[in-house]
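Subject: Structure for you to look at

Dear colleague,

I am handing over a structure that I would like you to look through at your own pace. Please open it first, and then read the notes that follow beside it.

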Amino acid sequence: MNDIIDLSFLQVGLAYIFVLLVIAIVRIRGIRREREIVISSVRMTLQLVLVGYILVYVFDNPNPLATVAIVVVMVVFAIYTILNRFKGNMSSALGWVVVFSMSFGTLSCIAYFLVVVVRVSPWYEPQYVVPVAGMLIGNSMTGISLGVHSLLDGMTTRRHIVEEALLLGATPRAATREIINNTFDAAIMPTINSMIGMGIVFLPGMMTGQILSGTVPTTAIAYQIAIMLGILGAVALTIITMLQLGCRTFFNKEDQLR
Amino acid sequence: MFELIGVRYGSILDLPNLEIREKQVTSLTGPSGSGKTSVLRMLNKMISPTSGQILFRGVDLREVDSVAHRRKVVMLSQEPAVFGKTIRDNLHAGLLFQEKKPSPDSALKEMMKKVGLEKSLDDDAHRLSGGERQRLALARVILLDPDVYLLDEPSSALDEETGQLIFDMLTTHAKANGKTIIMVTHSRAAAQKYSNVIIEMNGGKCMKKDSVHE
């Protein structure tokens with residue numbers, strides 16, 4: 001295997017031509033998104049540069065506290081992003097449900113993945129913990145965002161159906177069953193689709209990264225399969241926890257719709 | 001059966017004292033916005049009074065489990081929802097919600113005949129007209145066999161003839177089985193013809209309570 005080609009500043013700079021291209025497109029089409037594109041590109045760059053330096057330091061000085069801190073920061077940031085996105089549309093009770101399900105769903109799957117599947121030793125080895133945590137948390141964040149969106153939408157557009165079910169003597173759980181199932185489906189679908197296309201339509205990021213850095217493709221693939229299943233589990237667990245607890249927040253203790 | 005004592009619901013209802021008796025047909029009439037539907041929703045515990053209390057068979061509704069109560073006191077809304085796909089799905093929906101066994105097709109067909117719907121159980125319920133949906137929803141409620149029927153304008157989407165057929169069927173069914181009916185209706189004539197008691201409402205207050213037939 002060849003050693004990886006180091007990218008110079010100039011080479012990375014050349015990749016920004018894609019940003020210019022996108023800006024040109026939205027300009028011409030009159031889609032007002034220039035600001036967001038510029039901000040997100042700059043943010044992405046700064047965040048990654050910063051993380052790069054932090055990771056270099058952390059990898060050189062493995063420390064359980066530092067590893068845990070990084071995972072906590074990731075979870076907190078993911079939760080903050082979700083809450084911020086639905087600010088004003090979501091009750092504070094549902095907000096707390098998001099906090100709990102994100103923490104519970106991702107942390108339990110990360111622990112299982114590292115301790116039981118990969119068997120990392122020592123358990124806080126940042127080279128493993130950080131990327132695995134990142135992938136599970138990132139995908140769960142996307143899943144729960146889709147889930148909250150679909151749940152809020154379902155409870156608004158199908159409110160009369162829930163109401164009618166209650167009138168007929170349904171429990172809140174039975175009355176929202178269909179909405180919950182549809183929401184779960186909507187939120188888990190991207191993960192399922194990506195598993196279907198995996199290896200054919202696209203080579204996933206982690207595998208590409210490992211191959212680029214010189215890992216034998218078969219090892220990279222073994223990791224990719226395991227992480228994909230881990231992602232599936234984390235996304236599913238996060239969403240179902242959010243839905244099971246979240247649907248209750250639309251009712252008061254008298255089983256009436258709020 | 002129901003006793004409303006000092007019941008208020010925001011500025012919508014103000015009912016110092018109202019009694020609704022068992023095994024009778026009670027009609028609530030009055031202009032729209034007079035709080036009739038809110039009364040039904042309160043009796044079904046879909047909403048709770050902001051002050052005052054409602055007794056059901058002598059027990060304060062606040063002490064009663066809402067879901068268990070709604071299974072005894074079922075409400076038919078004015079614009080009923082359609083569940084699932086077929087007519088069969090819709091007739092089964094209520095039973096499933098109440099965790100009861102689904103009825104056999106023969107019982108469903110008989111119920112359809114009772115409400116004057118001549119359709120196949122496999123027909124798409126979403127294609128029914130407003131009046132047909134209303135009768136389908138009524139059939140769904142009768143299958144649940146509750147003690148109390150709360151009916152919100154049960155004939156609003158029906159022509160006069162079908163409306164009469166439905167009222168005849170309902171009142172006969174209630175009398176034969178010792179059921180209580182509390183209904184909201186805009187039709188003064190229907191109220192006169194079918195009720196034991198008519199409660200006239202306006203501006204959230206009970207203006208008059210007439211006994212019609214004992």
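Let me begin with one residue of this predicted model: Phe104(A) is partly exposed, with a relative accessible area of 39%, and Phe100(A), at 44%, is partly exposed as well. Both of these residues belong to helix H5 of chain A, which covers residues 92-118, and they sit four residues apart, which is about one turn of the helix. Their rings have centres 5.7 Å apart and planes at 5°, and because an angle under 30 degrees counts as stacked, the pair is described in that way. Elsewhere in chain A, the rings of Trp123(A) and Tyr124(A) have their centres 5.4 Å apart, but their planes stand at 85°, so this pair is edge-to-face. Over all chains, the count comes to five aromatic pairs.

The next topic is the place where the two chains meet. The size of an interface is often given as the accessible area lost when the parts come together. Here chain B and chain A bury about 1,700 Å² between them, with 54% of it on carbon and sulfur atoms. On the side of chain B, the residues that lose the most area to chain A are Met46(B), Arg70(B) and Phe97(B), which together account for 33% of what that side buries. The contact draws 26 residues from chain B and 16 residues from chain A.

Which kinds of polar link join the chains? There are three salt bridges between chain B and chain A, and one of them pairs Glu164(A) with Arg140(B), whose closest N and O atoms are 3.1 Å apart. In addition, 12 residue pairs are in polar contact between the two chains. The elements of chain B that give two or more residues to this side are helix H2 (66-72), strand S6 (73-76), helix H3 (87-97) and helix H5 (130-143), and the largest share, four residues, comes from H2(B). Sorted by type, the residues on the side of chain B that touches chain A are 12 nonpolar, six polar and eight charged.

Finally, please find Thr26(B), which lies in strand S3 of chain B, residues 25-29. Is Thr26(B) buried or exposed? Its relative accessible area is 2%, and because anything under 20% counts as buried, Thr26(B) is buried. Leaving aside residues up to four places away in sequence, Thr26(B) touches Ile20(B), Ile181(B), Ile182(B), Met183(B), Val197(B) and Ile199(B).

With best wishes

Note on methods: Residues numbered from 1 in each chain as written. Chains lettered and ligands numbered in written order. Predicted model: local features only at pLDDT ≥ 70, side-chain atom pairs only at ≥ 80, totals over all residues. Heavy atoms only, no water. Contact = heavy atoms within 4.5 Å. Buried area = accessible area lost by both parts, 1.4 Å probe. Salt bridge = Lys/Arg side-chain N within 4 Å of Asp/Glu carboxyl O. Polar contact = N/O pair within 3.5 Å; in protein donor to acceptor, adjacent residues only side chain to side chain. Nonpolar A, V, L, I, M, F, W, Y, C, P; charged D, E, K, R; others polar. Phe/Tyr/Trp six-rings, centres within 6.5 Å; stacked < 30°, edge-to-face > 60°. Buried < 20%, exposed > 50% of the residue type's maximum accessible area, 1.4 Å probe, protein only.
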